[in-house]
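Dear colleague,

Please find below the structure I promised to pass on to you. My notes on what was found in it follow directly after.

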Amino acid sequence: RALTLDANNTTAHQWYGDYLALMGRQNEAIAEKKLAVELEPLSLIVNFELGLGFYFNRDYDHAIEQLRKTLELEPNFPPANNFLPAAYEQKRMYAESLASFTKANSLSIGSEWTLSKGGLGHLYAVTGKKTQAQNVIEELKQLSNREYVPATSIAIVYAGLDEKDAAFAWLEEAYKQHAFQLQWISLEPRFDNLRSDPRFAELLKRMGLSQPR
């Protein structure tokens, strides 16, 4: 309806792209986000969202390229700093991922910080640094006793450790929290090792989502 009223509404294209991504229509989602960038090429959020779309579509080369472009506009923009190292990780560019996550941790605050911290913990887990991954989990758990921590940030570290029962327990906690980040688990590659478990499909069903094709 918004796009019918104004076909050049940048935010409408951006958010429609998000909706299409969650519905598993990745190519259409990326097309919408490209339109948003064309309309506002200097917008940090729409440039980031296009990079995120590539990341969720497992097109990591384009994700890295687009997220770098976003950081050229603003080097300290937390969302791009959180997902550039995630894209590096998926490409097994582990040194680059570690350096970028370290930067993200120094820049972010609040839920953005817990997102980058969880990402760092996942990186530690998949590269065999289990003690460091467990330390991240404990740090986030302790922080959650004092302030809000999205449970997805803890679940993603357990997913990296392949501790599936613990990962699902924290995803269930995220569901109870109505954690904003939970909506993206249907697309997030760092949860791929949980997808074959019936609990994953059941959780998505409760959220009104389905496994992407």
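I begin with the enclosed space. The residues N82, F83, F101, L115, S116, G119 and R190 line the largest cavity. Please bear in mind throughout that this is a predicted model. Two elements, α6 (78–90) and α8 (110–126), each give two or more residues to that lining. Helix α8 provides the largest share, with three residues. In terms of residue class, the lining of the largest cavity has three nonpolar, three polar and one charged residues. The volume of the largest cavity is about 30 Å³, and the structure holds one cavity of 30 Å³ or more.

Open pockets

The largest pocket contains about 460 Å³ of space. It is lined by 22 residues, of which F83, L115, F180, Q181 and W184 are the closest to its centre. Four elements give two or more residues to this lining, namely α4 (44–56), α6, α8 and α10 (151–160). Divided by class, the lining of the largest pocket has twelve nonpolar, six polar and four charged residues. F83 and L115 are thus named both in the lining of the largest cavity and among the residues closest to the centre of the largest pocket.

For the second largest pocket, the volume is about 200 Å³. Its lining consists of E89, Q90, R92, Y94, H122, V126, A159, G160, P189, R190, D192 and N193. At least two residues of this lining come from each of α6, α8 and α10. The classes are represented by four nonpolar, four polar and four charged residues. R190 appears in the lining of the second largest pocket and also in that of the largest cavity.

Overall architecture

The secondary structure of the protein comprises twelve helices and zero strands. The radius of gyration is 17 Å, close to the 17 Å that the globule rule gives for 213 residues, so the protein is as compact as a globular protein of that length. Taken along the principal axes, the C-alpha atoms fill a box of roughly 50 × 35 × 35 Å. Of the 213 residues, 50% are buried. Among contacts between residues at least 6 apart in sequence, 53% join residues at least 24 apart.

Contacts between α6 and α7

N81 is placed in helix α6, and S100 is found in helix α7 (residues 94–107). Is N81 buried or exposed? N81 is buried because its relative accessible area is 3%, and the cut-off for buried is under 20%. S100, at 15% relative accessibility, also counts as buried.

Leaving aside neighbours within four places in sequence, N81 is in contact with L71, P75, N76, S100, K103, A104 and L107. On the same basis, S100 is in contact with N81, L84, P85 and Y88. A polar atom of the N81 side chain lies 2.9 Å from the backbone oxygen of P75.

Residues in loops

Three loop residues may be of interest to you. R92 is found in the loop between α6 and α7. Although R92 is not a glycine, it has a positive phi of about 60°. R92 counts as exposed, with a relative accessibility of 66%, and it belongs to the lining of the second largest pocket.

H178 is placed in the loop between α11 (164–177) and α12 (198–206). Its phi is likewise positive, near 60°, in a residue other than glycine. At 71% relative accessibility, H178 counts as exposed.

K129 lies in the loop between α8 and α9 (130–144). How does K129 rank for exposure, and what is its relative accessibility? K129 counts as partly exposed, at 33% relative accessibility. Not counting residues up to four places away in sequence, K129 touches L98 and Y124. The C-alpha atoms of K129 and L161 are separated by 9.5 Å, and these two residues are 32 residues apart along the chain.

With kind regards

Technical notes:
Residues numbered from 1 in each chain as written. Predicted model: local features only at pLDDT ≥ 70, side-chain atom pairs only at ≥ 80, totals over all residues. Heavy atoms only, no water. 1 Å grid on protein atoms, 1.4 Å probe; cavity = no way out; pocket = protein on both sides within 12 Å on 5 of 7 lines; lining within 4 Å. Points joined across faces, edges and corners; volume = space filled by probe spheres on them. Nonpolar A, V, L, I, M, F, W, Y, C, P; charged D, E, K, R; others polar. Buried < 20%, exposed > 50% of the residue type's maximum accessible area, 1.4 Å probe, protein only. Contact = heavy atoms within 4.5 Å. Polar contact = N/O pair within 3.5 Å; in protein donor to acceptor, adjacent residues only side chain to side chain. Rg over C-alpha atoms; globule rule 2.2 N^0.38 Å.
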